[in-house]
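Good morning, and thank you for making time for this presentation. I would ask you to keep the structure in view while I speak.

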Amino acid sequence: MRIAVVTSPGSVEIRDIPVPGIGEDDVLVRITACGLCTMEAKLYTGAMPVYPVAAGHEVSGRVERIGARAAALEDAPAVGDLVTLDLLTRCGTCRNCRAGDSAVCASPQGSMLPDGSIGMGSGLAEYVRVPAAHVWPVGDIDPVHAAMGEPLACVVHSFRRAGYRSGDRVAVIGGGFMGRLHLLLAQHEQARSVTVVETDPERRSAALDAGADDAVAPEDVGRLAPADVVFVTIASPEAIGTAFRTAADGARLVLFGGSHDTPDAALPGYEVHRRQLTVTGSYSQEPADWRTAAALLRSGTLADRLARLVTSRHELADVDKALTESSGTPVYRVFVEPR
Ligand SMILES: [Zn+2]
Ligand SMILES: [Zn+2]
């Protein structure tokens with residue numbers, strides 16, 4: 001089968017490796033679509049220099065083969081089903097996993113492929129082997145939307161971390177792809193209002209087109225009604241500062257966007273104390289979030305909103321073009337469709 005491997009900054013090659021064999025508890029999936037996230041961009045530009053690497057962790061596909069024990073599970077996917085894939089590994093035995101916080105599993109992620117490359121998703125390929133517990137059927141939807149299962153599960157997790165309740169006023173800092181997923185989930189979950197705070201005027205008008213109640217530049221947050229929940233989808237001290245200026249008394253602030261090389265923001269300790277603010281983080285997702293995300297995708301209610309976030313679709317042979325586009329220009333999501 002063909003698989004894309006990034007070998008050094010700016011270079012990716014299509015290699016030929018054997019189709020993975022499966023065990024009793026596994027599913028073999030023929031990949032239909034893979035979204036390119038910030039991690040793929042970092043690997044491709046050299047910001048995250050790990051080579052050679054088989055990237056691609058936002059993946060959908062059709063079930064090709066099922067192991068015997070997996071087929072006997074209640075709700076087991078059937079051959080031919082369209083599925084969205086959880087490609088994270090969760091050890092289940094570390095202290096965090098046993099506490100139910102598998103998003104912060106202490107075991108290292110990644111795998112080794114037969115050609116010697118490091119597997120970090122390995123979704124830019126024709127097939128992938130997945131444990132049955134990580135396979136989520138989504139019904140008959142656009143495979144590119146199904147590939148948004150992973151980021152959508154991250155956003156469901158973010159809402160859970162926020163203690164979100166219908167009727168909350170929501171502010172989203174950042175109008176990029178993850179910000180827009182927060183916007184659409186808040187709309188779906190009956191927020192009282194949703195505002196997007198964004199520096200780029202084009203992204204502000206796109207957020208308004210998508211139904212945001214307001215979209216303002218960071219310097220204009222003073223004119224907004226204070227928000228009960230503020231999702232910070234940009235990794236910067238400025239964005240965190242803006243979040244504090246957008247928050248109502250008693251608000252919950254979720255630091256969703258993050259990067260290890262972002263300088264720390266100062267914590268306004270008195271304000272957190274006096275206004276009873278909650279500051280929390282949200283990283284990755286957990287099986288319960290996948291369950292919700294898969295149900296949302298299957299319902300079809302998000303389809304029109306998700307369609308707005310598809311920047312482009314490329315064939316696997318053009319993976320270099322896809323990676324260049326997603327790491328060099330402002331995009332929502334670029335997809336590769338191996339077919
Ligand atoms: Zn991602
Ligand atoms: Zn673990």
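Before I turn to the sheet, one term: two strands are said to pair if DSSP finds at least two bridges between them. By that rule β11 and β14 pair, because four bridges join these strands, which run parallel. Please bear in mind throughout that this is a predicted model.

Let me begin with the overall division of the chain. It is split into domain 1, residues 2-148 together with 309-337, and domain 2, residues 153-281. The centres of the two domains, taken over C-alpha atoms, are separated by 29 Å.

UniProt offers its own annotation, in an unreviewed entry. The feature "domain: Alcohol dehydrogenase-like N-terminal" is listed there for residues 23-139. In the model, the span 23-139 is 14% helix and 32% strand, and its end C-alpha atoms lie 25 Å apart. The feature "domain: Alcohol dehydrogenase-like C-terminal", also from an unreviewed UniProt entry, is placed at residues 180-297. For residues 180-297 the figures are 38% helix and 23% strand, with 16 Å between the end C-alpha atoms.

I now come to the open sheet. In what order do its six strands lie? The order is β13-β12-β11-β14-β15-β16, and the pairing is parallel. At the edges are β13, residues 214-216, and β16, residues 278-281, each of which pairs on one side only. On average, neighbouring strands of this sheet are turned by 20° against each other, with direction ignored.

Helix α8, residues 237-246, packs on the sheet and touches β11, β12, β14 and β15. The direction of α8 makes about 170° with that of β14.

Let us follow the pairings across this sheet. Strand β11, residues 169-173, pairs with β12, residues 193-197, in the parallel sense over five bridges. Within that pairing, Val172 stands opposite Val196 in β12. Turning to β14, the bridge partner of Ile173 in that strand is Val232. Val232 also stands opposite Leu255 in β15, and five bridges join β14 to β15, again running parallel.

How many of the six residues of β14 are buried? Six of the six are, so β14 is largely enclosed by the rest of the structure.

The helix that packs here also has a buried set. In α8, the buried residues are Ala239, Ile240, Thr242, Ala243, Phe244 and Thr246. These residues pack against β11, β12, β14, β15 and also α9, residues 269-274.

One loop position in this region deserves a word. Ala191 sits in the loop between α6, residues 177-188, and β12. Is Ala191 buried or exposed? Ala191 has 23 other C-beta atoms within 10 Å, and because the cut-off for a buried residue is 20 or more, Ala191 counts as buried. Leaving aside residues up to four places away in sequence, Ala191 touches Asp168, Arg169, Val170 and Ala186. By contrast, Arg65, 126 residues away along the chain, is separated from Ala191 by 41 Å between C-alpha atoms.

I turn next to the two ends of domain 1. Strands β1 and β2 run antiparallel and are joined by six bridges. Together they form a hairpin with two residues between the strands, and Gly10 in the turn has a positive phi of about 80°. Ala4 has Ile14 in β2 as its bridge partner.

After β2 comes a loop that leads to β3, and Pro18 is found in this loop between β2 and β3. Pro18 counts as exposed, because it has 10 C-beta neighbours inside 10 Å. Pro18 and Leu113 are 95 residues apart in sequence, yet their C-alpha atoms are 9.9 Å apart in space.

My last element is helix α12, residues 319-328. Its buried residues are Val319, Ala322, Leu323, Ser326 and Ser327. Why do they lie on the same side of α12? They cover an arc of only 110° around the axis, which puts them on that same side. The general background is that an α-helix has 3.6 residues a turn, so residues three or four places apart point the same way. What covers the buried residues of α12 includes the hairpin strands β1 and β2, as well as β3 (26-36), α1 (38-45), β17 (310-315) and β18 (333-337).

That concludes the presentation, and I am glad to take questions.

Methods: Residues are numbered from 1 along each chain as its sequence is written. Chains are lettered from A and ligands numbered from 1 in the order in which they are written. This is a predicted model: local features need pLDDT of at least 70, side-chain atom pairs count only at pLDDT 80 or more; totals for chains, interfaces and linings use all residues. A residue is buried if 20 or more other C-beta atoms lie within 10 Å of its own, exposed if 12 or fewer, and partly exposed in between; C-beta atoms are placed from the backbone. The arc is that of the directions from the helix axis to the C-beta atoms. Two residues are in contact if their C-beta atoms, placed from the backbone, lie within 7 Å. UniProt positions are given in the numbering used here, feature names are shortened, and annotations may be inferred rather than shown by experiment. Axes are lines fitted to C-alpha atoms, for helices over the stretch in contact, and angles run from 0 to 180 degrees between N-to-C directions. Domain bounds come from an automatic or database domain assignment.
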